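Biologist: I should be grateful for a close look at a single part of this model. Please choose one strand with its neighbours and explain the arrangement step by step for a first-year student.

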Amino acid sequence: MTVDKKLILIVEDEPSLADLLKDYLQQSDYLTQIVPDGLQVIQTVKQCNPALILLDIMLPGKDGITICREIREFSTVPIIMVTARVEEIDRLLGLELGADDYICKPFSPRELVARVKAVLRRSAIDYIDPPSGLKLDEKRLKAELQGSDLDLTVVEFQLLKILSSEPGRIYSREQLMDRIYDDHRVVSDRTIDSHIKKLRKKIVSVASSEELIHSVYGAGYKFEQKS
Ligand code: CA
């Protein structure tokens, strides 16, 4: 077993589907581990520290939505939620679970492997140290500004992380949505504006003189510290 092979956790209670996914992922050079029971997931994630989790929603023991929320309390590991109903994806997006992508059954294993690769590629974006006064704790999804907790949602945290990783760089709404949602056709760009608005409000409530996130008319948003 080589160290640089990535471990994908397959949370799936249908043995034939789990095995099929395992075969395809292994052919693409990933390591895999199957967890068939919702109650075992959290412990397994903590033990084997996977690179990505495929998380079925309907599971014995505990459902995927609850599990996703619980994982996000301690980890930012990429999660792809697997649902049997396409109309459920909208509802899942609305719940802001912090999942990285959603895929609907039945899917082709090839499509799934492509999604896995895309999510892993996105999550590997190098993270540069944020400017002084701002502390981002990715494992706990906590952001501190000048010693005060900003109390951000997952999406707000991600926006702050992306923008602050390159101060001065202008990100379009499109680029921000690309990095936050896999299928942003289902999300309007007003969504980004409303998340940014809440994020700015939280920043100002902690540090009234810090206008860290600036909108650039007609272009998007950027992170910039005065001084
Ligand atoms: Ca299932």
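**Strand S7 and its neighbours**

Modeller: In this predicted model, strand S6, residues 134-137, is joined to S7 by four bridges, and the two strands run antiparallel. Individual residues show how this pairing is laid out. Leu-134 stands opposite Leu-145 in S7, while Asp-137 has Lys-142 of S7 as its bridge partner. S6 and S7 form a hairpin with four residues between the strands. In this hairpin, Leu-141 takes a positive phi near 55 degrees.

On its other side, S7 pairs with strand S8, residues 148-149. This pairing is again antiparallel, and it extends over two bridges. Here Glu-144 has Asp-149 in S8 as its bridge partner. S7 and S8 also form a hairpin, with two residues between them. Gln-146 lies in the turn and has a positive phi of about 45 degrees.

These pairings may now be put together. The three strands make up an open sheet in the order S6-S7-S8, with antiparallel pairing. Because S6 and S8 each have a single partner strand, they stand at the edges, and one side of each is left without a neighbour in the sheet.

The next point concerns the two faces of S7. In a regular strand, side chains alternate between the two faces of the sheet. Strand S7, residues 142-145, has a covered face with Ala-143 and Leu-145. Its uncovered face carries Lys-142 and Glu-144. The residues already met in the pairing can be placed accordingly: Leu-145, which stands opposite Leu-134, belongs to the covered face. Lys-142, the bridge partner of Asp-137, belongs to the uncovered face. Glu-144, the bridge partner of Asp-149, is on the uncovered face as well.

A helix completes the picture of this part. Helix H6, residues 154-165, lies across S6 and S7. The helix runs at about 125 degrees to S6.

To summarise, S7 is placed between S6 and S8 in the strand order, with a hairpin to S6 and another hairpin to S8. Four bridges serve the pairing with S6, and two bridges serve the pairing with S8. Ala-143 and Leu-145 form the covered face of S7, whereas Lys-142 and Glu-144 form the uncovered one.

How values were computed: Residues are numbered from 1 along each chain as its sequence is written. This is a predicted model: local features need pLDDT of at least 70, side-chain atom pairs count only at pLDDT 80 or more; totals for chains, interfaces and linings use all residues. Side-chain values use heavy atoms; hydrogens and water are left out. Buried means under 20% relative accessible area, exposed over 50%, partly exposed in between (1.4 Å probe, protein chains only). Two strands pair if DSSP finds at least two bridges between them. Contact means heavy atoms within 4.5 Å. Axes are lines fitted to C-alpha atoms, for helices over the stretch in contact, and angles run from 0 to 180 degrees between N-to-C directions.
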